[in-house]
Amino acid sequence: MTKHRIALVKEIPPGSNKVVNVRGREICVFNVGGDFFALLNRCPHEGARLSRGVIVGLPESDEPGCYKLSRPGEILRCPWHGWEFDLKTGKSHCDPERMFTKQYKTCVENEAAEPGRELQAETFPVVVEEATVFVEM
Amino acid sequence: MTVIESPQTGVAKKADTGIIDCDIHPLPKNAKSLHPYLPKRWQEHAEHFGGHLRQPFIHTTQYPRSAPLICRRDAWPPSGGPPGSDLDFMREQHLDPFNIINGILIPLFSNVASERNLDYANALATAHNDWQVSEWLDKEPRLRGTLVVSQDDPAAAVKEIERCARDKRFVQIMLAPRSSEPLGRQRYWPIFEAAEAHDLPLGIHSYGVGGNASTAGGWPSFYMDEHYATTMGGPATMSSMVLEGVLERFPKLRVVLVEIGFAWVPSFMWRMDRLWERMRGEIPHLVHPPSHYVKRNFWYTTQPMEEPSRPNDLRRTFDWVGWDKLLFSTDYPHWDQDDPAYAFNVKLTPAERRQICRENAEGFYRF
């Protein structure tokens, strides 16, 4: 498994996502409350880009008339037919065993920036450590 | 390892054959887009009074919601305006990637068929047809238009048909199944006569706000019910048209039911034929069993496609309905649209795909 650099943590604020192309696959990396989750950017139903979906919570109910909204910000509705996916696992809510999108492992590390890549230093070499998101594939 | 931001629009998914999309919904860019096609008297009417429809909701509709403007969330053009309003974006997101050789526009906005003010309805119908020609058909040779008429004013509707039928890019006449009365009733027959005379099929799209409850059991509580209810309107429309004798009187009239489903058709035919055997004395004008007219005169678009849990059930449904009766459609840009690459959850042979996705429509619309 190789680590593929995706972005600086600050580029993907909570609630947002970034789409990248890694080894021929379109991957969407979501920031869910500060943690990063990477899913194949393709709905298993008819192939829509999950990155264009809307982030919601999960309405739950034990009986008619009583309901609560749990897991705010952790569920994605596909932009086409509205299938709900758990961002943390890639599994659909209604049929988790058969309808799911592939999930990839992520990690966050501090990475030393090469001089001149991110910052323009005039005279002295500068080394900056910044939190960076990686996907392992 | 380079990190690349993927482009917004899709990877080209070229179908193995050019396809014909029998249901695309264009929208005007804004509330004034139709004004150039409306006489000043009606521009002012639109601004001061607006439409007058027989529907119970304020600021919403019986029709599919689930997403803003009923559209898939990635179909909002980057240039602005609502989904379906930008021809360049429609080409980029839909027509080009799927190799759509012909797309049939069906403009649903304004609910012209249900507008209570019939003079306004007629002005709107003319405006919709002229708008289609100027903004879409003249600019994109792959597109075809649908003739919008005010169906509750059949004399005016016939005039509009006569006016527009000369332009062969209009390939069908749209009627709303959610009508004031069941569509087979004799008040609508002048429209059928004109359609048959011009060899223009009727495109009956799930549309209209006739004022009746959306289901036979009354007004449902949930949007899910409303979505399904549009399909249940299919048997009511078909039954009325068949039993009133529309297809006995106008035998060459072709009818396509658009976005009304098709899996219900076989059981409906079985039921109607049995009833006809027992009750034919009530409708002696029907010379043949109902299924004869259904098989001869009706076609169906495929969206929304059925998705049975046993994929082979879909194939058997096609056997019962008739493989030659199915016209592929996407319903772009609505959220419940079908992607041509994934619409069928059963494997089709290339010949079967070509038949449903192209040849049937070429024959039906005389392309």
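Me: What makes E259(B) a loop residue, and where is that loop?
Reply: E259(B) sits in the loop between β6 (255-258) and α8 (265-279) of chain B. Helices here are DSSP runs of H or I with at least four residues, strands are E runs of at least two, and both are numbered from the N terminus. The model is predicted: local features need pLDDT of at least 70, side-chain atom pairs count only at pLDDT 80 or more, and totals for chains, interfaces and linings use all residues. As for bookkeeping, residues are numbered from 1 along each chain as its sequence is written, chains are lettered from A and ligands numbered from 1 in the order in which they are written, and side-chain values use heavy atoms, with hydrogens and water left out.

Me: Why is E259(B) called buried or exposed?
Reply: Buried means under 20% relative accessible area, exposed over 50%, and partly exposed in between (1.4 Å probe, protein chains only). E259(B) has 9% relative accessibility, so E259(B) counts as buried. Its phi is positive too, about 60°, although E259(B) is not a glycine.

Me: And what about N99(B), why does that one get its accessibility label?
Reply: N99(B) comes in at 26% relative accessibility, so it counts as partly exposed. N99(B) is in the loop between α2 (87-95) and β2 (100-105) of chain B, and its phi is positive as well, near 55°.

Me: How do you know that β5 of chain B and β6(B) are paired?
Reply: Two strands pair if DSSP finds at least two bridges between them. Strand β5 (residues 202-205) of chain B has four bridges to β6(B), so they pair, and they run parallel. One of the contacts puts G203(B) with V256(B) as its bridge partner. On to β7(B): three bridges join β6(B) to it, again parallel, and L257(B) stands opposite Y300(B) there.

Me: What makes both faces of β6(B) covered?
Reply: V255(B) and L257(B) on one side and V256(B) and V258(B) on the other are all buried. In a regular strand the side chains alternate between the two faces of the sheet.

Me: How do you know how many disulfides the structure holds?
Reply: A disulfide is a pair of cysteine sulfur atoms within 2.5 Å, and the structure holds zero over all chains. Take C28(A): the nearest cysteine sulfur, that of C78(A), is 12 Å away, so C28(A) is in no disulfide. C28(A) is buried, at 1% relative accessibility.

Me: Why does C357(B) have no bond to C22(B)?
Reply: The sulfur of C357(B) is 9.7 Å from the closest cysteine sulfur, in C22(B), so that is too far for a bond. C357(B) is buried, with a relative accessible area of 1%.
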